[in-house]
Amino acid sequence: MLAVLLVDDDAGICSSLSRILRQDGYRVDIAHSAAEAIDRDHWNDYFAILLDRRLPDNSADDLLPRIIERAPDAAVIVVTGYADLESSLAAIRAGAADYLLKPVDPDDLRGRLRRFADLKEARDNVRRRDAQVAFMISHLPAGAAYVDNRTDEVRVNETVEAMTEYSASDLATRDLWFSHLLGSRADEFRQQYEVDRLEGFSKSRILPLKTRSGREISAEFSAYRYNDHACLDDSMT
């Protein structure tokens, strides 16, 4: 069940809005002050937070960054009157996702929350697929490495770690990769890598690698390039 946090010191508004939201199947938690809003642990539960512009113990200006820090994925919707419209637009610039004018129109509230709920579902699906792909790559029987040639970042799967006896953090950059695995010949193979990259990795290469324990192994590398990224596939020979 999707959850909404409603932060407003007006009991009547809280009652009417929470009734609307519960009718639409949302779980609603209510806080009547800034202190009560912040005093909670399960911020990841909320996909949306309705924040009154004026609270008895604090302002949305002070409370907003604290909420965004705790619930970065939640859509914070500032609820305000016409007199506070300019400051509400400032809240948008400070990280709020949207604003609603009082009195809140139920259909307008429903429509906006529905869009944010759809966004959360899409984001969750992407994260779930990313996790599945990461798991699959990490457990491939062949070694696999991803290279970002703009940042020099390298990511390797568990097979590379087992084969080389180095951890992923030991091989986290191209410099670390070449220096650890190719030792005194690092510069030679770094130059060869750049040539192969410019040529689109048209051929595979067998490289002499040295493991963390000093054992020498040979690995055949094949690769492909996508923009400034390279993916390497290697197997022991």
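Is I137 buried, exposed or partly exposed? In this predicted model, I137 is partly exposed, because its relative accessible area is 37%, a value between the cut-offs of 20% and 50%.

## I137 and its surface patch

Residue I137 belongs to helix α5, which covers residues 106–138. On the surface, I137 joins V133, M136 and L140 in a nonpolar patch. Together, these four residues have about 330 Å² of accessible area.

## The largest pocket

I137 also appears in the description of the largest pocket, where it is listed with V133, A134, Y146 and R155 as lying nearest the centre. The space in this pocket amounts to about 410 Å³. Its lining consists of 17 residues, and two or more of them come from each of α5, β6 (143–148), β7 (153–156) and β10 (229–236). Helix α5 provides the largest share, with six residues.

By class, the lining of the largest pocket contains eleven nonpolar, two polar and four charged residues.

## The largest cavity

A search of the whole structure yields one cavity of 30 Å³ or more. The volume of the largest cavity is about 270 Å³. Among its 20 lining residues, Y193, F201, L207, F221 and L232 lie nearest the centre.

Several elements each supply at least two residues of this lining: β6, α7 (174–182), α8 (186–198), β8 (205–210) and β9 (216–226). The lining of the largest cavity comprises 13 nonpolar, three polar and four charged residues.

Conventions: Residues are numbered from 1 along each chain as its sequence is written. This is a predicted model: local features need pLDDT of at least 70, side-chain atom pairs count only at pLDDT 80 or more; totals for chains, interfaces and linings use all residues. Side-chain values use heavy atoms; hydrogens and water are left out. Patches are made of residues with over 30% relative accessible area and no salt bridge: like charges are joined within 9 Å, nonpolar side chains (Val, Leu, Ile, Met, Phe, Trp, Tyr) within 5 Å. Accessible areas come from the Shrake-Rupley method with a 1.4 Å probe; for residues, only the protein chains shown count as cover. A salt bridge is a side-chain nitrogen of Lys or Arg within 4 Å of a carboxyl oxygen of Asp or Glu. Helices (H or I, at least four residues) and strands (E, at least two) are DSSP runs, numbered from the N terminus. Buried means under 20% relative accessible area, exposed over 50%, partly exposed in between (1.4 Å probe, protein chains only). On a 1 Å grid over the protein atoms alone, a cavity is a set of points where a 1.4 Å probe fits but cannot get out, and a pocket is an open set with protein on both sides within 12 Å along at least five of seven lines; lining residues have an atom within 4 Å of a point. Grid points are joined across faces, edges and corners, and a volume is the space filled by probe spheres set on the points. Ala, Val, Leu, Ile, Met, Phe, Trp, Tyr, Cys and Pro count as nonpolar, Asp, Glu, Lys and Arg as charged, and the others, Gly among them, as polar.
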